[in-house]
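The exercises below ask you to work from the coordinates to a short description, one step at a time. Please try each task on the structure before reading the solution beneath it.

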Amino acid sequence: MSIQIRNVSKNFGTFQALTDINLDIADGKLVALLGPSGSGKTTLLRVIAGLEAADKGSILFDGKDLTDAHVSNREVGFVFQHYALFKHMTVFENIAFGLKVRKRRDRPSPSAIKEKVNELLKLVKLDGFAGRYPAQLSGGQRQRVALARALAVQPRILLLDEPFGALDAKVRKELRRWLRKLHDEVHITSIFVTHDQEEALDVADQIVVMNQGRIEQLGTPDEVYDHPQSPFVYDFLGNVNLFRGRLNHGRFVLGSAQIEAPEHLHAVDTEAVGYVRPHHLAIEREKKSGDVIPAKVIYTHAVGPVVYIEMKILESEEFVEAEISKNEFKELGLLIGEEVYVRPKEVRVFVPEDFVI
Ligand code: ATP
């Protein structure tokens, strides 16, 4: 089932939680709504579900307008952060619940329910746990039961709100990989809310980056990570170094260094900020070109095969960090306090207008 969101806005009193959201989600995709706290992710999920009404705009499933349809008529399955399992019911009864409460004419026979629940228990790798109560399960197991329960009624769309938010880091990682695999098996269009960049980059087909009730960028994990369209996305998705300088006719000037910025050919002496990821910052011992910036090594530390080098730019006194391999570090033989040159291998230059949302 595909989802179309058209010009959706939502206010809570005078506070605008969503502003003119437009989004198309193709059938069978696993999509992450990613953004900081308060950016509107949950509100958008609830509007799609029909738990919250939009003030403006429409929600369509497969092109059919469901803006005014009640949540019960949208056939969506939910999984929330706090496993809302029924404590007094076994795992089997929890998963069967949605089928058992159906009207008599839509209700499967007890044997069909049993078959379905057993099939789902296998799918979520909990066969053998049917007779346990929620209190006898780990947090990760409870979330898997919650997912099986959501899938039991064969929803057309699955909505997950920070499904792994209450779990510790290791279980989170296991479960998100598991969700990816499960999604590859069942192919149900799914949207999950997260504020964890790694989680979104790791499992989603598409990431919707949200900021202050708006969509900042939509794309595949590679697109949003490698080609952020705004300073916000750059900052939010991973570490980044900021270089403050000026643009002049396609050149970004940083003290004595000049870097090509062909996308800004028409800028004349304009204030600008260059964004450079730590792994795009090369360290050189000699000045071989005009695009290098003199810096001093302040601190180095290794994490597994990667070494982080903290440096101070001599002309601006700004601090930057480079990420290089251990081999490269050994070859360079860097010492704390010595002077080197940093060369941005890839830089994205933003002008003040880019910072306004
Ligand atoms: P988080 O990651 O913290 O859950 P979020 O991105 O999911 O954040 P939302 O829960 O969608 O953000 O909230 C967006 C904004 O709308 C917040 O500032 C929040 O305080 C406000 N908001 C949400 N629900 C209501 C409500 N029922 N009444 C008033 N304000 C609300």
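**Exercise 1. A helix and its surroundings**

How many of the 14 residues of H4 are buried? Then compare the length of the helix with its expected span.

*Solution.* The model is a predicted one, and the steps are as follows.

Step 1. Counting as buried every residue under 20% relative accessible area, one finds that 13 of the 14 residues of H4 fall in this class, so that the helix is mostly covered.

Step 2. Helix H4 takes in residues 139-152, and because the expected span is 1.5 Å times one less than the number of residues, its 14 residues should span 20 Å. The C-alpha atoms at its two ends are 20 Å apart, in agreement with that value.

Step 3. Following the chain beyond H4, one comes to Gln 154, which has a positive phi, near 50°.

**Exercise 2. The shell around the ligand**

Describe the residues that surround the ligand, by element and by class, and then list polar atom pairs with their distances.

*Solution.*

Step 1. The surrounding residues are Phe 12, Phe 15, Ala 17, Pro 36, Ser 37, Gly 38, Ser 39, Gly 40, Lys 41, Thr 42 and Thr 43.

Step 2. Sorted by class, the shell holds four nonpolar, six polar and one charged residues.

Step 3. Assigned to secondary structure, at least two residues of the shell come from each of strand E2 (15-25) and helix H1 (41-49), and H1, with three residues, gives the most.

Step 4. For the polar pairs, an oxygen atom of the ligand lies 2.5 Å from an N or O atom in the side chain of Thr 43, and an oxygen atom of the ligand lies 2.6 Å from such an atom in the side chain of Ser 37. At Gly 40 the partner is instead a polar backbone atom, at 3.0 Å from a ligand oxygen.

Step 5. The ligand on its own exposes 640 Å², of which the protein buries 58%.

**Exercise 3. Two residues compared**

Are Glu 284 and Lys 345 buried or partly exposed? Place each in its element or loop, and list its contacts.

*Solution.*

Step 1. Glu 284 belongs to strand E15, residues 281-284, whereas Lys 345 sits in the loop that lies between strand E19 (339-344) and strand E20 (348-350).

Step 2. Because its relative accessibility is 16%, Glu 284 counts as buried; Lys 345, at 48%, counts as partly exposed.

Step 3. Setting aside neighbours within four places in sequence, Glu 284 is in contact with Val 292, Val 340, Tyr 341 and Arg 343. With Arg 343 there is also a side-chain polar contact of 2.7 Å.

Step 4. With residues up to four places away again left out, Lys 345 touches His 279, His 280, Leu 281 and Ala 282. Between Lys 345 and Met 1, which are 344 residues apart in sequence, the C-alpha distance is 42 Å.

**Exercise 4. The chain as a whole**

Summarise the secondary structure, extent, burial and contacts of the protein chain.

*Solution.*

Step 1. The chain contains nine helices and 20 strands, and along the principal axes its C-alpha atoms fill a box of roughly 80 × 45 × 30 Å.

Step 2. Of its 357 residues, 48% count as buried, while the accessible surface comes to about 17,700 Å², with 49% of that belonging to carbon and sulfur atoms.

Step 3. Among contacts with a separation of 6 or more, 65% are between residues 24 or more positions apart.

Definitions and conventions: Residues are numbered from 1 along each chain as its sequence is written. This is a predicted model: local features need pLDDT of at least 70, side-chain atom pairs count only at pLDDT 80 or more; totals for chains, interfaces and linings use all residues. Side-chain values use heavy atoms; hydrogens and water are left out. Helices (H or I, at least four residues) and strands (E, at least two) are DSSP runs, numbered from the N terminus. Buried means under 20% relative accessible area, exposed over 50%, partly exposed in between (1.4 Å probe, protein chains only). A residue is near a molecule or strand if one of its heavy atoms lies within 4 Å of it. A polar contact is a pair of N or O atoms within 3.5 Å; within protein, one must be able to donate a hydrogen and the other to accept it, and residues adjacent in sequence count only if both atoms are side-chain atoms. Accessible areas come from the Shrake-Rupley method with a 1.4 Å probe; for residues, only the protein chains shown count as cover. Ala, Val, Leu, Ile, Met, Phe, Trp, Tyr, Cys and Pro count as nonpolar, Asp, Glu, Lys and Arg as charged, and the others, Gly among them, as polar. Contact means heavy atoms within 4.5 Å.
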